[in-house]
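Subject: Structure handover

Hello,

Here is the structure for you to take over. Please open it first; my notes come after it.

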Amino acid sequence: MKNILITGGAGFIGSHVVRLFLNSYPNYNIINLDLLTYAGNLENLKDIQNYDNYTFIKEDICNLDLMKTIFEKHQIDGVIHLAAESHVDRSILDPFSFAKTNIIGTLSLLQAAKEFWKDDFKNKLFYHVSTDEVYGTLSDSGYFTEKTSYDPHSPYSASKASSDHFVRSFYDTYGLPITISNCSNNYGSHQFPEKLIPLFINNICNNKKLPVYGEGNNVRDWLFVEDHAKAIDVIFHKGRIGETYNIGGFNEWKNIDLIKLIIKTVDKHLGRSEGTSNELITYVKDRAGHDYRYAIDSSKLNSELGWKPSLQFEEGIEKTVTWYLENKAWVENITSGSYQEYYAEMYEK
Ligand code: NAD
Ligand code: DAU
């Protein structure tokens with residue numbers, strides 16, 4: 001494969017994938033297609049924007065005719081599909097935009113790939129990036145495996161589950177070569193500060209309240225975003241066609257414990273005495289339909305393809321906090337304007 005279409009490449013995970021592929025595979029042409037919604041930001045890719053083998057296209061994945069044109073024009077033979085509406089809280093406020101982008105958008109790309117590849121699927125691949133949230137929620141024990149039944153609870157996870165089903169249906173029905181991965185919570189640089197970790201780092205810096213949903217007992221399994229990008233690389237190149245791979249760090253944290261670790265790390269960097277910002281913790285109404293626990297069993301990916309996470313969590317959090325403190329202008333740029341309206345709607349009503 002040579003001409004690789006990466007969708008959502010201006011977002012959090014997508015920008016790490018674009019960078020990794022450009023730096024690892026100088027022989028590939030990387031076409032980054034992104035609508036630049038509030039979550040997409042070309043500043044994430046400033047360091048690579050002038051590479052000769054990089055093309056950026058601002059377009060909507062829901063536009064089927066345009067997707068067909070892009071496949072034809074760029075002779076696409078591989079797709080890594082990350083573009084999505086990705087934030088659970090926003091899906092509760094506006095489920096329709098999630099259905100449109102995540103379901104219709106994915107379907108448009110599948111159809112464009114199928115028509116352009118015209119049933120000659122040799123050396124072609126449609127790789128769909130999905131989430132562990134499709135599996136629903138766990139009690140205090142057990143893990144999501146690739147065989148766990150789908151049981152989504154939020155409009156976001158329902159739309160991702162639907163997109164996964166469409167991807168598999170194109171494999172079963174038309175033989176389109178696909179792979180799917182389902183990953184746990186990512187953290188790291190360039191994440192939009194609506195998600196827990198960057199939101200709380202930013203709020204601690206600005207002495208703003210830290211809104212903890214419910215009692216803070218929900219559990220998430222955290223993975224450093226660059227490790228996710230490496231897993232995507234391995235699955236894209238070595239994964240078996242038609243297979244699903246779970247990606248996770250075997251790194252579970254109860255929200256309140258994670259929040260205290262973030263507070264400790266940020267306070268240290270700001271020269272505040274340990275625990276100063278604990279007073280910002282504010283317990284608020286729980287998220288509707290809040291899944292209790294996610295925990296991924298990624299042993300298939302490890303045993304088949306040799307991938308494992310590279311970073312210890314404390315080290316990853318240290319790197320992440322450092323990045324946010326050194327890139328205040330990035331945060332300020334994206335938290336001006338419509339971010340303020342979203343913040344008021346979510347947290348100040
Ligand atoms: P993000 O919200 O940071 O980025 C999404 C990108 O998609 C943005 O650049 C946005 O502009 C683009 N986009 C949105 N709608 C579009 C459209 N109609 N056409 C073209 N581009 C569009 O999301 P993220 O956190 O980087 O997640 C990327 C993918 O990984 C998503 O599919 C998400 O479901 C999945 N995922 C995320 C996580 C996580 O923890 N963040 C974990 C597992 C899986
Ligand atoms: O599991 C993978 C998923 O992880 C991805 O598919 C999603 O795209 C990504 O957004 C993420 O979903 P979560 O809902 O788990 O992430 P979020 O950062 O929104 O929340 C993490 C936990 O923190 C969750 O239990 C809710 C809680 N939370 C979140 C926010 C934003 C709070 O307590 N307060 C908050 O203000």
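The notes below cover the basis of the model, the sheet and the two ligands.

This is a predicted model, in which local features need pLDDT of at least 70 and side-chain atom pairs count only at pLDDT 80 or more, while totals for chains, interfaces and linings use all residues. Residues are numbered from 1 along each chain as its sequence is written, chains are lettered from A and ligands numbered from 1 in the order in which they are written, and side-chain values use heavy atoms, with hydrogens and water left out.

The sheet

An open sheet of 7 strands runs in the order 3-2-1-4-5-6-10 with parallel pairing (strands are DSSP runs of E, at least two residues, and helices are runs of H or I, at least four, numbered from the N terminus; two strands pair if DSSP finds at least two bridges between them). Strand 3 (54-57) and strand 10 (244-247) are at the edges with a single partner strand each, so one side of each has no neighbour in the sheet. Strand 4 (residues 78-81) and strand 5 (residues 125-131) run parallel and are joined by 4 bridges. In this pair, glycine 78 stands opposite leucine 125.

Ligand 1

Around ligand 1 there are 29 residues, of which Ile13, Asp34, Ser86, Tyr156 and Lys160 come nearest (near means a heavy atom within 4 Å). Its oxygen atoms have polar contacts (N or O pairs within 3.5 Å; within protein, one atom must be able to donate a hydrogen and the other to accept it, and residues adjacent in sequence count only if both atoms are side-chain atoms). A polar side-chain atom of tyrosine 156 is 2.6 Å from an oxygen atom of ligand 1, and a backbone N or O atom of asparagine 186 is 2.9 Å from an oxygen atom of this ligand. Strand 5 gives the most to the shell around ligand 1, with 3 residues.

Ligand 2

Ligand 2 has 26 residues around it, and Thr131, Asp132, Tyr156, Arg287 and Tyr347 come nearest. Tyrosine 156 also has a polar side-chain atom 2.6 Å from an oxygen atom of ligand 2. For aspartate 132, a side-chain N or O atom is 2.5 Å from an oxygen atom of ligand 2, and for serine 86 a backbone N or O atom is 2.7 Å from one. Helix 3 (88-93), helix 6 (196-205) and strand 8 (210-213) each supply at least two residues of the ligand 2 shell.

Regards
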